[in-house]
Amino acid sequence: MPQDVATMLAEINSTKPVLEQIASKWSVLVLAVLCEEPARFNAIKRRLDPITHKALTEALRRLERNGLINRQVIASSPIAVVYSITPLGRTLQRPFESLIRWAQQHGEELIAAQSAQRRQ
């Protein structure tokens, strides 16, 4: 195997842990919502219907743990929690917007290909 291909494969494999943290379906969409404006849990959940409470909680925790979002507890009655994008998370805005736009433009083609594959 030529050295440049081996180097490229090594680099691809080294990005896998990072991609696993940010590229899940819900992580991409949560970040897209928070790029627009900070939001509370239920507002995010409404925007991402049909996300489950558990899936949203897990995505928010993962994104916070990785420094992509902030979680701010507001002392009020009842206590409120607001999530916002961090500067690091903001760097993903353009790539994720492109990915979402691609999904909107090509989603029907993917569904058609899946249907054709099942018929075979």
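**Note on the strand and helix arrangement**

1. Glutamine 72 stands opposite valine 82 in E3. Helices (H or I, at least four residues) and strands (E, at least two) are DSSP runs, numbered from the N terminus. The model is predicted: local features need pLDDT of at least 70, side-chain atom pairs count only at pLDDT 80 or more, and totals for chains, interfaces and linings use all residues. Residues are numbered from 1 along each chain as its sequence is written, and side-chain values use heavy atoms, with hydrogens and water left out.

2. E2 and E3 pair in the antiparallel sense over six bridges; two strands count as paired if DSSP finds at least two bridges between them. The two strands form a hairpin with five residues between them. Proline 78 is placed in the loop between E2 and E3, and a cis peptide bond, with omega of about 0 degrees, joins serine 77 to proline 78.

3. On E3 (residues 80-85), two bridges also join E1, again in antiparallel fashion. Here valine 82 is the bridge partner of arginine 40.

4. The open sheet thus has three strands in the order E1-E3-E2, with antiparallel pairing. Strand E1 (39-40) and strand E2 (69-74) are at the edges with a single partner strand each, so one side of each is left without a neighbour in the sheet.

5. Helix H2 (residues 25-36) lies across E1, E2 and E3 and runs at about 95 degrees to E3. Axes are lines fitted to C-alpha atoms, for helices over the stretch in contact, and angles run from 0 to 180 degrees between N-to-C directions.

6. The axes of H2 and helix H4 (residues 53-65) come within 9 Å and cross at roughly 75 degrees. That makes H2 roughly perpendicular to H4 (the class covers 65 to 115 degrees; under 35 is roughly parallel, over 145 roughly antiparallel and the rest oblique). Contact (heavy atoms within 4.5 Å) involves Trp26, Ser27, Val30 and Leu31 of H2, and Ala55, Leu56, Ala59, Leu60, Arg62 and Leu63 of H4.

7. A second cis peptide bond joins aspartate 49 and proline 50, with omega of about 25 degrees. Proline 50 lies in the loop between helix H3 (41-47) and H4.

8. Helix H6 (residues 93-119) has 27 residues, which at 1.5 Å a residue should span 39 Å; its end C-alpha atoms are 38 Å apart, which agrees. The expected span is 1.5 Å times one less than the number of residues. H6 nevertheless has a kink of about 55 degrees centred on histidine 106, the bend being the angle between axes fitted to the seven residues ending there and the seven starting there.
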